[in-house]
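Welcome! Here is a short, friendly tour of a structure you may be seeing for the first time. Keep the view open beside you as you read.

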Amino acid sequence: NLSSIYLQMWDISSAERAAEDGLETSKDLPNAYFVPQLLLQVGRIHALQQDGRAESFYRRGMEATRRNGDRPSEARSWDLLGDEQFARDDVAAAEKSYFEAYHLRLAIHSSELGFSYGRLGALRLAQGRLDEADQFTQLAMQSVRGGKPGWPDYLMRHQQGSIRLARGAVDAALDDFSQAIESSAAERLNVLPSRSAFTAANAGFEDKIYRSFTELAAAQAVRTKSARWAFQAFQAVELNRAASLREGLAMADVWREKLPPEYWEAVGRLDAAQSRSLQSGIIDESIASLRLKITEMEAAAGLLTVKNPENFRIQTSLNHFQAGIRESEIFLTFLLGRNSSYLWAVSRDTLHVYRLPPGQAIATDVAAFRKALLGGSEKDGLEQGSRLYEDLFGSLNSNERRKKHWLLSLESILFEVPFAALVEKENVDQEKLEREQAESK
């Protein structure tokens, strides 16, 4: 049960440790009622880790459900096996598994048909059979609205948007993706009030929901010069990051008051272990157990927090944000994508979005610049720094470049860059410009 909760919150390391403890316990209880579910749970964890071990656990779990005569769980095991096959692009095998689950549920008049409808919709979308994909997705949504188990609303709205995008209905797809984001705000209220759960859940929402809308809206803004889509893409890219920061700040005092000294000792040991791993390149074996210990102490403290969903499409939120930016400041936020990356530049009066090179190209230039700074010649550093500077800031217009203070919201790959070195040239140019203006006056 603990492993299931951790997994729902995308806290994979804690879920894995709890499941391993369960497997160890079950060695002497091979026919215990929880064994089939535990095997399926371990399979889910290996599927997320993409280590190729998930299918064997799913098949073992499937056999255990058959021995117990648990046909609903057997249907779920077929679903999970299909998910693993689908993830490695074996669409034919996934189709067989999904329909095995579907027919089982039909035979026992299961209330969980919504799960089959959702998966079959995703399968048909991948196959390009868009009419069937739409029909299955609508059935999945109707099932949940009727009070039956099924996929969360935000996932089905996202799937519906993907179908419309495949049909070329970009505006309709954007509307679906934006509704998925708003729907996910309610799901965020269910996240465990722990640091690891907040971080993992926000990362999960970013990958599953926010990125689709943000990249499509940004591309549409660049293509059509639409201020509306530029604004909504910016709101989306910052909303999830802001939620993570806000939740952490809101909980800081509660954590200090309710958590024992052992908690902070464990946090310090975890930070030290992670630092050693970064320096040596070898994963410290204590990290997983320390994360689990920290999460369990947070849960035991009974931490609670109140979180309010936001409507990210309200223009007043941008007005409030811009009102906090001084005339001398420019706020720059980045999103790295597979095919294109994007930069938003927000001043007190303007908001612009620019298309940048793909994330991998930027990552390559980041690595080259870092290497040049650490061990290369001054010439190499200048050359690589200029290339990276052009990647990141070359699109800014002259008014944006003249801003004295740059406020940066960065993705993790960019934290490796010493930005003081990168923007030193811009600061020198700014000083030169100010001197020339003073002299001309």
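## Helix 8 and its surroundings

Helix 8, residues 130-145, is a good place to begin: its 16 residues reach 22 Å from the first C-alpha to the last, close to the 22 Å expected at 1.5 Å a residue. Please keep in mind that this is a predicted model.

- Which residues of helix 8 are buried? They are Leu 130, Ala 133, Phe 136, Thr 137, Ala 140, Met 141 and Ser 143.
- These buried residues cover an arc of only 155° around the axis, so they sit on the same side of helix 8.
- A general rule helps here: an α-helix has 3.6 residues a turn, so residues three or four places apart point the same way.
- Turned away from the buried side of helix 8 is a face that carries the exposed residues Asp 131, Gln 135 and Arg 145.
- The cover over the buried residues of helix 8 includes helix 7 (113-127) and helix 9 (153-166).
- Just after helix 8 comes Gly 147, which takes a positive phi of about 90°.

## The protein overall

- The secondary structure of the protein comes to 20 helices and four strands.
- The protein has 441 residues, of which 45% count as buried.
- Among contacts in the protein with a separation of 6 or more, 61% are between residues 24 or more positions apart.
- About 22800 Å² of the protein is exposed, and carbon and sulfur atoms supply 52% of that area.

## Helix 4

- Helix 4 covers residues 54-67; its 14 residues reach 20 Å from first C-alpha to last, close to the 20 Å expected at 1.5 Å a residue.
- Buried in helix 4 are Ala 54, Glu 55, Phe 57, Tyr 58, Gly 61, Met 62, Ala 64 and Thr 65.
- What do the buried residues of helix 4 pack against? Their partners are helix 2 (12-25), helix 3 (35-49) and helix 5 (71-87).
- Glu 63 also lies in helix 4, and this residue counts as partly exposed because its relative accessibility is 39%, between the 20% and 50% cut-offs.
- Glu 63 and Ser 77 are 14 residues apart along the chain, and their C-alpha atoms are separated by 9.4 Å.
- Gly 69 follows helix 4 and has a positive phi, near 70°.

## The nonpolar cores

- The largest nonpolar core has 24 residues, and those with the most contacts inside it are Phe 213, Trp 344 and Val 353.
- The elements that give two or more residues to this core are helix 10 (170-188), helix 11 (195-224), helix 12 (227-258), strand 1, strand 2 (341-346) and strand 3 (351-356).
- Apart from this core lies another, of 18 residues, with Ile 330, Leu 356, Ile 362 and Phe 393 among them.

## Glu 329 in strand 1

- Glu 329 lies in strand 1, which runs over residues 329-335.
- Is Glu 329 buried or exposed? Glu 329 counts as buried because its relative accessibility is 8%, under the 20% cut-off.
- The side chains of Glu 329 and Arg 326 are joined by a polar contact of 2.7 Å.
- Leaving aside neighbours within four places in sequence, Glu 329 is in contact with Gly 324, Ser 347, Lys 403, His 405 and Leu 407.

## Ala 180 in helix 10

- Ala 180 has its place in helix 10 and is buried, with a relative accessible area of 0%.
- Although Ala 180 and Tyr 154 are 26 residues apart along the chain, their C-alpha atoms are separated by 4.2 Å.

## Two loop residues with positive phi

- Asp 89 has a phi near 65°, a positive value in a residue other than glycine.
- Where does Asp 89 lie? Asp 89 is in the loop between helix 5 and helix 6 (91-107).
- Asp 89 counts as exposed because its relative accessible area is 66%, over the 50% cut-off.
- Lys 225 is not a glycine either, yet has a positive phi of about 60°.
- The loop between helix 11 and helix 12 holds Lys 225, which counts as exposed at 72% relative accessibility.

Methods:
Residues numbered from 1 in each chain as written. Predicted model: local features only at pLDDT ≥ 70, side-chain atom pairs only at ≥ 80, totals over all residues. Heavy atoms only, no water. Buried < 20%, exposed > 50% of the residue type's maximum accessible area, 1.4 Å probe, protein only. Polar contact = N/O pair within 3.5 Å; in protein donor to acceptor, adjacent residues only side chain to side chain. Contact = heavy atoms within 4.5 Å. Expected span 1.5 Å × (residues − 1). Arc of directions from axis to C-beta. Core = buried A, V, L, I, M, F, W, Y, C linked by side-chain atoms within 4.5 Å. Areas by Shrake-Rupley, 256 points an atom, 1.4 Å probe, with all protein chains shown as cover.
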